[in-house]
Amino acid sequence: MAKNTKISAIKTYPLEVPLDRPWAYSQCWRHTRWSLFVQVSTEDGFVGWGEGEYAPTSSADAIHSQYADIFLGQDPFDVRALWERAYNYTRDYGRTGVTMIALSALETALYDLCGKILGVSVSTLLGGGFRTRVPVYLTGGYPHDLSRIVEEVVDESRRKVDQGAGALKLKVGFGVDLDTELIHAVRNAVGPSVRIMMDANRAYTAAEAIQLSKRVQDCRIYWFEEPVVPEDLEGYREVRARTEIPVAGGEEEYTRWGFRRLLESGAVDIVQPSVAMAGGVGECRNIAYLASAFNTRCVPHSWGLGINTAATLQLLSAMPQYPPRLIEDPPMLEVDSSASSLRDEALVDGPVIKDGFAYLPENPGIGAVVNQSAVERIASPIRESSL
C-alpha cells in the first residue's frame, strides 16, 4: 500500500460524438452521445476514473471551479470526508444537477483510485461482495423511424433474446394506443419467460399512465419506470395505487436526502439512483441501505460509457438481497444496448457480460480499463487542475 499519498491532479474529459443514426425516445430526438470522464491522480502515479452522465462541459467546469481546491493535496482515502466537505461547500446552490454530477464523478474516481492503491475491488471497499455475478437487463427499443416503431422494436427484441438476453427494457411514452400495441407485440415475439420493463421517461399524466398499465396488465410487465415527471410525487402514488405493475423511479433524483423524500412519499416500489448523478458509488450505497429501511427495492440506473456500468456492477455486488430471502432475486445491472461508437471505444477492458449475467472483473478498483488514447482524441476541451 502506498502510504501518505496525496491527490495531485484532476483531469476532465468532456465527450460528445454524433450518432451514426439518430434515435428517439418519448422526449426528443437524440443526435449525439455524450458523457464526462474524470481522472484523479496521486503524486506517486496511481490513477482513478469516474463518470458523470450529463452536461459534460458544464460538469467539468464545476469540478475545476468548485471542487478541485477541496480535493487537491488531500488523502484519497478520506473519500467520504471529502465528499461531505464538497457537498456542504456547494449546499446553497448545488444539491442537484450539474454540481452533483461533477461530485458523483469525483467520488467514483476516488473509490476506483483507492481500490487500485490497495489492489482490491470497489465492492470490497463498500463492505464486501455478496455475489460475483449479477443478472443484466438490456435497455433499448429506441426507434429510428417513428412510422415503424413496432416493427423496429420487435425485430430488435427478438434478436436480443435469440442472443441470450433474459430481460429487456423498452421505451414507451409515444401515446397510450401505440405503446399498448408495442408492448403486446414484443411480448408475443419474445415469449412469456423474458422479463419486460417499460420506461416512459416521464411522458404521461397519472391518468394516462394508469390507462396504459391496465391495457398491458396481461403482458406481465416487471416494472413501469418514470410514468410521470419526477416532481409529481402525488401522481406517482396514484399510479402505484391503481396498478399491479411495480412502479420504478429516481434516476433524476440526487443524494440520500432526495431519496429520503421519495421513499417517505410512498411513491415507488423500486428506487433507481444513478452512480453518475446521485452522488457517486459510495453515496448510492447509502441510498440502497436507506431504501432497505423502507422495505423498498433498489435497482440502480446505469446508462453511460462503461465507467458508470463498471462502477454500478461493483455497487450491485456489495448490495444485500432485499427483501432478504432464501432464493435470491438480486437487483439487475442495466446495460445500454443502443448503437454507440463512443461507448464501444471508451474502454479496453471492463465487465464481461455473458448468458444474461455481468461478471465482476478481477481488476482492482471499479474493474474498468479506460482507452485513454481514444478518450484524449475525442474529448474537448481537456482540462487539468493540479498542485
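Q: What volume does the largest pocket have?
A: This is a predicted model. Its largest pocket was sized by computation, and the volume is about 950 Å³.

Q: Which residues lie closest to the centre of the largest pocket?
A: The lining of this pocket counts 41 residues. Elements that give two or more of them include strand 1 (7-24), helix 5 (149-162) and strand 11 (333-336). Closest to the centre are Val335, Asp336, Ser337, Ser338 and Arg343.

Q: How many charged residues are in the lining of the largest pocket?
A: The lining divides by class into nonpolar, polar and charged residues. The nonpolar ones number 16 and the polar ones 13. The charged residues number twelve.

Q: Which residues lie nearest the centre of the second largest pocket?
A: This pocket holds about 270 Å³ of space. Strand 2 (29-42) and strand 5 (167-171) each supply at least two residues of its lining. The lining has 18 residues in total, and nearest the centre are Tyr25, Arg30, Tyr54, Asn201 and Glu251.

Q: How many charged residues line the second largest pocket?
A: By class, seven lining residues are nonpolar and two are polar. The charged residues number nine.

Q: At what angle do helix 1 and helix 2 cross?
A: Two packed helices are described by the angle and the distance between their axes. Helix 1 covers residues 56-71 and helix 2 residues 79-89, and their axes come within 10 Å. The crossing is right-handed. Its angle is roughly 145 degrees.

Q: Which residues of helix 2 meet helix 1?
A: By class, this contact has six nonpolar, one polar and one charged residues. Helix 1 brings Gln66, Tyr67, Ile70 and Phe71. From helix 2 come Leu82, Arg85, Ala86 and Tyr89.

Q: How far apart in sequence are the parts that glutamate 84 and arginine 256 tie together?
A: These two residues form a salt bridge, with the closest N and O atoms 2.8 Å apart. Glutamate 84 lies in helix 2 and arginine 256 in helix 9 (residues 255-264), so the pair links parts separated in sequence by 172 residues.

Q: Where does proline 381 lie?
A: Most peptide bonds are trans. The bond joining serine 380 and proline 381 is cis, with omega about -10 degrees. Proline 381 sits in the loop between helix 13 (372-378) and strand 16 (383-386).

Q: What phi does arginine 220 have?
A: Most residues other than glycine have a negative phi. Arginine 220 lies in the loop between helix 7 (206-215) and strand 7 (221-225). It is not a glycine, yet its phi is positive, at about 55 degrees.

Methods:
Residues are numbered from 1 along each chain as its sequence is written. This is a predicted model: local features need pLDDT of at least 70, side-chain atom pairs count only at pLDDT 80 or more; totals for chains, interfaces and linings use all residues. Side-chain values use heavy atoms; hydrogens and water are left out. Axes are lines fitted to C-alpha atoms, for helices over the stretch in contact, and angles run from 0 to 180 degrees between N-to-C directions. Helices (H or I, at least four residues) and strands (E, at least two) are DSSP runs, numbered from the N terminus. A crossing is left-handed if the near helix is turned anticlockwise from the far one by less than a right angle, and right-handed if clockwise. Contact means heavy atoms within 4.5 Å. Ala, Val, Leu, Ile, Met, Phe, Trp, Tyr, Cys and Pro count as nonpolar, Asp, Glu, Lys and Arg as charged, and the others, Gly among them, as polar. On a 1 Å grid over the protein atoms alone, a cavity is a set of points where a 1.4 Å probe fits but cannot get out, and a pocket is an open set with protein on both sides within 12 Å along at least five of seven lines; lining residues have an atom within 4 Å of a point. Grid points are joined across faces, edges and corners, and a volume is the space filled by probe spheres set on the points. A salt bridge is a side-chain nitrogen of Lys or Arg within 4 Å of a carboxyl oxygen of Asp or Glu.
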